[in-house]
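Work through the exercises below with the sequence and the structure open. Try each task before reading its solution.

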Number of protein chains: 2
Amino acid sequence: MNIKEASEKTGVSSAAIRYYEKESLIPPIDRTAVGNRDIDDRIIRRITFVTQMRAAGMSIENLRRYIELFDAQEDNTKEQKALLQEQLGVMEEKRDDLQAAIDHLNYKLNHFYDHMESTEEELRELERQHADKVAQKPTEDDDGFNNAY
Amino acid sequence: MNIKEASEKTGVSSAAIRYYEKESLIPPIDRTAVGNRDIDDRIIRRITFVTQMRAAGMSIENLRRYIELFDAQEDNTKEQKALLQEQLGVMEEKRDDLQAAIDHLNYKLNHFYDHMESTEEELRELERQHADKVAQKPTEDDDGFNNAY
DNA sequence: CCTTGCCTTGAAGTACACATGAAGGTTTAA
DNA sequence: TTAAACCTTCATGTGTACTTCAAGGCAAGG
């Protein structure tokens with residue numbers, strides 16, 4: 001498939017695919033007789049992988065280091081493992097930060113219902129959730145916003 | 001406390017704190033007689049909140065929109081709720097991408113053990129995990145890396 | 001033959017989120 | 001009183017990750 005189809009399939013712009021190839025985030029892409037890129041499913045999977053890691057917050061630079069290790073022929077499994085574990089730690093931390101922020105937003109969202117168009121059913125639900133929150137996290141929760149409830 | 005102490009307390013640079021104030025991500029900070037910023041715990045909490053949201057991938061622009069709504073006096077709870085829910089969706093998607101990438105790395109990591117210094121105990125553990133993976137996700141898992149096992 | 005629509009490379013431009021530097025003010029300590 | 005160590009504003013610089021532009025090639029349709 002040509003680069004435009006690949007772009008549509010992955011949601012990554014053609015320019016970005018070329019950029020990823022130049023930066024060696026994806027392997028060298030085969031060319032047709034006239035020099036156009038001919039992209040197969042292996043490349044598509046790589047692009048998707050890069051997209052996932054980028055969305056997860058990994059920089060191009062680190063992603064390249066990571067991929068270089070994997071593509072190398074030498075038996076550098078120890079370094080690979082170390083790099084994997086390092087990256088795993090970074091990502092788990094990020095995930096936890098993200099979850100904390102999600103919890104924060106959910107909390108606020110629930111308290112909106114609390115003083116808006118909430119039904120009694122919802123109110124009872126929220127009292128339960130609030131009790132849960134307080135049980136898990138008894139810390140002072142004033143972040144300086146006018147929480148308006 | 002002065003800006004340097006606040007910087008050390010939050011891990012955010014002095015320049016970034018000034019930038020956040022200018023961009024209205026944190027409220028106007030009180031000044032001392034000579035015009036220096038005098039930062040209290042309310043501001044510290046706000047800075048921490050901004051840091052969390054930034055780490056969660058929220059842009060300065062969206063964060064400002066978000067905070068503006070919260071700081072406004074008018075009763076715009078509907079818009080607030082909509083914005084919260086929108087942001088929540090973005091963040092949950094991000095969290096899921098992150099979790100997918102973490103799973104991916106864990107899978108690779110497990111397969112390293114599989115052909116390295118793994119004990120028989122670890123091997124049995126991994127067979128179980130692998131079976132789980134296959135059960136949950138029977139899709140073709142070749143991402144184009146030389147998985148080396 | 002000419003337009004349309006795809007492609008190529010290489011260079012230059014852009015947006016974001018700060019970082020850094022210049023020029024100057026205040027307070028403390030020797 | 002002079003230096004150190006903070007601070008201020010305003011302007012400009014920087015790194016990342018692309019995007020956009022310029023100049024041109026190839027193939028098909030009218």
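**Exercise 1: a salt bridge in chain B**

The side chains of Arg37(B) and Glu21(B) form a salt bridge with an N to O distance of 2.7 Å. The model is predicted, local features need pLDDT of at least 70, side-chain atom pairs count only at pLDDT 80 or more, and totals for chains, interfaces and linings use all residues. Residues are numbered from 1 along each chain as its sequence is written, chains are lettered from A and ligands numbered from 1 in the order in which they are written, and side-chain values use heavy atoms, with hydrogens and water left out.

Task: state where Arg37(B) and Glu21(B) lie and whether they are buried or exposed.

Solution.
- Step 1. A salt bridge is a side-chain nitrogen of Lys or Arg within 4 Å of a carboxyl oxygen of Asp or Glu.
- Step 2. Arg37(B) sits in the loop between α2 (14-22) and α3 (41-55) of chain B, while Glu21(B) belongs to helix α2 of chain B. Helices are DSSP runs (H or I, at least four residues), numbered from the N terminus.
- Step 3. The two residues are 16 residues apart, and the pair links distant parts of the chain.
- Step 4. Both Arg37(B) and Glu21(B) are buried. Buried means under 20% relative accessible area, exposed over 50%, and partly exposed in between (1.4 Å probe, protein chains only).

**Exercise 2: Arg64 in each chain**

Task: find which salt bridge is made by Glu23(A) and Arg64(A), and which by Glu61(B) and Arg64(B), and place the partners.

Solution.
- Step 1. In chain A, the side chains of Glu23(A) and Arg64(A) meet at 3.1 Å, N to O. Glu23(A) is in the loop between α2 and α3 (41-55) of chain A and Arg64(A) is in helix α4 (residues 60-71) of chain A, so the pair ties together parts that are 41 residues apart in sequence.
- Step 2. Glu23(A) counts as partly exposed because its relative accessibility is 22%.
- Step 3. In chain B, the side chains of Glu61(B) and Arg64(B) meet at 2.6 Å, N to O. Both lie in helix α4 (residues 60-71) of chain B, three residues apart, about one turn of the helix.
- Step 4. Glu61(B) has a relative accessible area of 44%, so it is partly exposed. Arg64(B) has 19%, so it is buried.
- Step 5. Arg64(B) also touches Glu23(B), Ser24(B) and Leu25(B), leaving aside residues up to four places away in sequence. Contact means heavy atoms within 4.5 Å.
- Step 6. Over all chains, the count comes to nine salt bridges.

**Exercise 3: the surface near DNA strand D**

Task: say which residues come nearest to DNA strand D and which part of the strand the protein meets.

Solution.
- Step 1. A residue is near the strand if one of its heavy atoms lies within 4 Å of it. There are 17 such residues, and Ser13(A), Arg54(A), Lys4(B), Arg18(B) and Arg37(B) come nearest.
- Step 2. Of the strand D atoms within 4 Å of the protein, 87% belong to sugar or phosphate, and the rest to bases.
- Step 3. Phosphate oxygens of strand D lie 2.5 Å from a side-chain N or O atom of Ser13(A), 3.2 Å from one of Tyr20(A), and 2.9 Å from a polar side-chain atom of Arg54(A).
- Step 4. Two elements give two or more residues to this surface: α2 (14-22) of chain A and α1 (3-10) of chain B. The largest share, four residues, comes from α2(A).

Technical notes:
A polar contact is a pair of N or O atoms within 3.5 Å; within protein, one must be able to donate a hydrogen and the other to accept it, and residues adjacent in sequence count only if both atoms are side-chain atoms.
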